[in-house]
Amino acid sequence: MTSQALPISTTETTPASSSATSTPTLTTLRTFLTRLFSSLRTTLSNRRPWLELVDRTAFSRPLSLSDATTRVRKNFSYFKINYLTILAIVLAFSLLSHPFSLLTLLSLVAAWLGLYTFRPSDQPLVVLGRTMSNREVLGILVLVTVIVVFLTSVGSLIITAVLVGVGIVCVHGAFRDPEDLFMDDQDSAGSTGLFSFIGGPSGGSNVIPLV
């Protein structure tokens, strides 16, 4: 009689093991998003006042091309967070006005996050019964990204939006006289906050907020 007992413990532990493997992924994603939003808040807090950016009394025609280039360089060093915000707004507006391109780009980002960035190393990707290595997954994602960016409207839309944003920044920087702007040592620290979420947990601790 005892020889007929069935080992049922293996089937009962499968959901638990699946839940256990998915927990680190969710934790990693939650940590990544928390640090990302924290870095964005820190970076945006370092922006210059918008009224200072559009001060009409500070605008004048550049004397030469070299003068315009110098103005653009100085203004970008001072208003870099504002300029990046303007560039992001132009890009967001372009994507929102083209829902198909926005959906395609979001699907591409989701594929990178789900299939490569946050996929547990002990859970290989299986397609049609074949186990894919990390190098194969990476190669497929890179190939799909190249196709989406360069062979669809997504790439042209992003490039156009970036060119429009850069054009706005260059025109403003060329005509905005930077003589009344005062640079300090905190300007070099302000640019680290945006990408501090990529580093370790203490990556954003070195950011010095502007007074």
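Let me begin with a salt bridge, in which the side chains of Arg71 and Asp67 meet at 3.7 Å, N to O. The term denotes a side-chain nitrogen of Lys or Arg within 4 Å of a carboxyl oxygen of Asp or Glu, and the structure holds one such pair.

Please note that this is a predicted model, in which local features need pLDDT of at least 70 and side-chain atom pairs count only at pLDDT 80 or more, while totals for chains, interfaces and linings use all residues. Residues are numbered from 1 along each chain as its sequence is written, and side-chain values use heavy atoms, without hydrogens or water.

Arg71 and Asp67 are separated by about one helical turn, because they lie four residues apart in helix H4, residues 65–96. Helices here are DSSP runs of H or I with at least four residues, numbered from the N terminus. Arg71 is buried at 7% relative accessible area, whereas Asp67, at 22%, is partly exposed. Buried means under 20%, exposed over 50%, and partly exposed in between, with a 1.4 Å probe and protein chains only.

Helix H4 itself has a kink of about 85 degrees, centred on Phe79; the bend is the angle between axes fitted to the seven residues ending there and the seven starting there. Between its end C-alpha atoms H4 spans only 36 Å, where a straight helix of 32 residues would span 46 Å, taking 1.5 Å times one less than the number of residues.

Finally, I turn to Asn134, which is located in helix H6, residues 134–151. Asn134 is partly exposed, at 45% relative accessibility. Beyond its neighbours within four places in sequence, Asn134 contacts Tyr116 and Arg119, contact meaning heavy atoms within 4.5 Å.

Note on methods: Helices (H or I, at least four residues) and strands (E, at least two) are DSSP runs, numbered from the N terminus.
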